[in-house]
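Visitor: Please show me how to read an interface and a helix in a structure file.

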Amino acid sequence: MRAETLARLQAERAAKRPVALLTRLSDGAQHLFPADQVPGPLAEAALAALDADAAGNLNLEGEAWFIHPYNPPLRLLVIGAAHITQALAPMAPALGFAVTVIDPRRAFATEERLPGVTLIDAWPDDAMAELAPDTRTAVVTLTHDPKLDDPALDIALRSGAFYIGALGSRRTHAKRVARLTELGHGAEAIARIHAPVGLDIRAVTAAEIALSIMAEIVACRRGASLGAVRAQPAMAAKVSA
Amino acid sequence: MTEDILAIAGAWRDAGEQVAIATVVETWGSSPRPAGSQLAVTMSGKLAGSVSGGCIEGAVADAAKGAMNSGAPALLDFGISDERAWEVGLSCGGKLKVFVEPLA
């Protein structure tokens, strides 16, 4: 690898842009995708590898190519430094997620309660706009307080976040759906929200709820049917009636 | 979070070391590390990362030194069908290909 190629690759990664390194195995010739112009089949293979987050091989005109995707890190943005957050924060990094906790209530968002976690004590709408959730981001609201949860959900629904979860009972969620509808979100967009949050494993303790949330996030990321978007048109209709 | 082998390789090169990067490019069967796993090697003998459970690192490091000397990359095959690989002990029964390239 040329030092210049390594520098370009590392710069793309530092800027948190998805990038794929394409290597011709016969002679080590390399391209970066999408920065460099590459033949169509290579570009398609690069996109597929980035999408699957898995390295791949391609035979192009008798030459073997290695397709190595470098995706930005997975992120978990948690709104609310709650009890469940304390259980969630140590679990997520082991599953490959960098955790950021947003809570303007400084009594909650403390290093003591969440050691080693990135804490942001700004209002969720400001913090979320700054963090700009992308397709490698999961967003979970855990405050129980619409003043904090709703602005975060508002921004999450306008983003490409691959997972959006909101703590609260079905009843709480029905009211939330009504408020988000007033903010201009359609039923289809609101159906992206997983609520009640987490897989139904009959979780009781904070750690069990955290486990159910992480399991649902993994299911979504891996495309398991368990993590499929929940359509809740009936509930939305009931609230708006 | 896993360590960034490319960053380590770059830092070693910046410090004046001769460096090669080995990358698993294809696996079959029960190979311990997936495609994309990397090992950085210096001529002075430093190692970072891994391309297997430890069974072929020595052979890969030798090939990496060869690549640093020649300046040319190499594609290495390891597997139970390969007698040399059996010698270096790919006991998991897997097969893999490793691409070794000097960082120039």
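Guide: The interface comes up before the helices. This is a predicted model, in which local features need pLDDT of at least 70, side-chain atom pairs count only at pLDDT 80 or more, and totals for chains, interfaces and linings use all residues. Side-chain values use heavy atoms, leaving out hydrogens and water.

Visitor: How much area do chain A and chain B bury between them?

Guide: The size of an interface is often given as the accessible area lost when the parts come together. Chain A and chain B bury about 1,500 Å² (1.4 Å probe, summed over both), with 62% of it on carbon and sulfur atoms. On the side of chain A, Met1(A), Leu6(A) and Leu25(A) lose the most area, together 35% of what that side buries.

Visitor: Which side chains meet in a salt bridge?

Guide: A salt bridge is a side-chain nitrogen of Lys or Arg within 4 Å of a carboxyl oxygen of Asp or Glu. The rule finds one across this interface: Arg13(A) with Asp4(B), at 3.1 Å, N to O. Helix 1 of chain A gives five residues, the largest share of the side of chain A that touches chain B.

Visitor: Is Thr5(A) buried or exposed?

Guide: Buried means under 20% relative accessible area, and exposed over 50% (1.4 Å probe, protein chains only). Thr5(A), in helix 1 (residues 3-14) of chain A, is buried at 6%. Leaving aside neighbours within four places in sequence, Thr5(A) is in contact (heavy atoms within 4.5 Å) with Leu21(A), Gln30(A) and Leu32(A).

Visitor: What should helix 5 of chain A span?

Guide: The expected span is 1.5 Å times one less than the number of residues. For the 12 residues of helix 5 (residues 146-157) of chain A that gives 16 Å, and the end C-alpha atoms are 15 Å apart, which agrees.

Technical notes
Residues are numbered from 1 along each chain as its sequence is written. Chains are lettered from A and ligands numbered from 1 in the order in which they are written. Helices (H or I, at least four residues) and strands (E, at least two) are DSSP runs, numbered from the N terminus. Buried area is the accessible area (1.4 Å probe) that two parts lose on being put together, summed over both.
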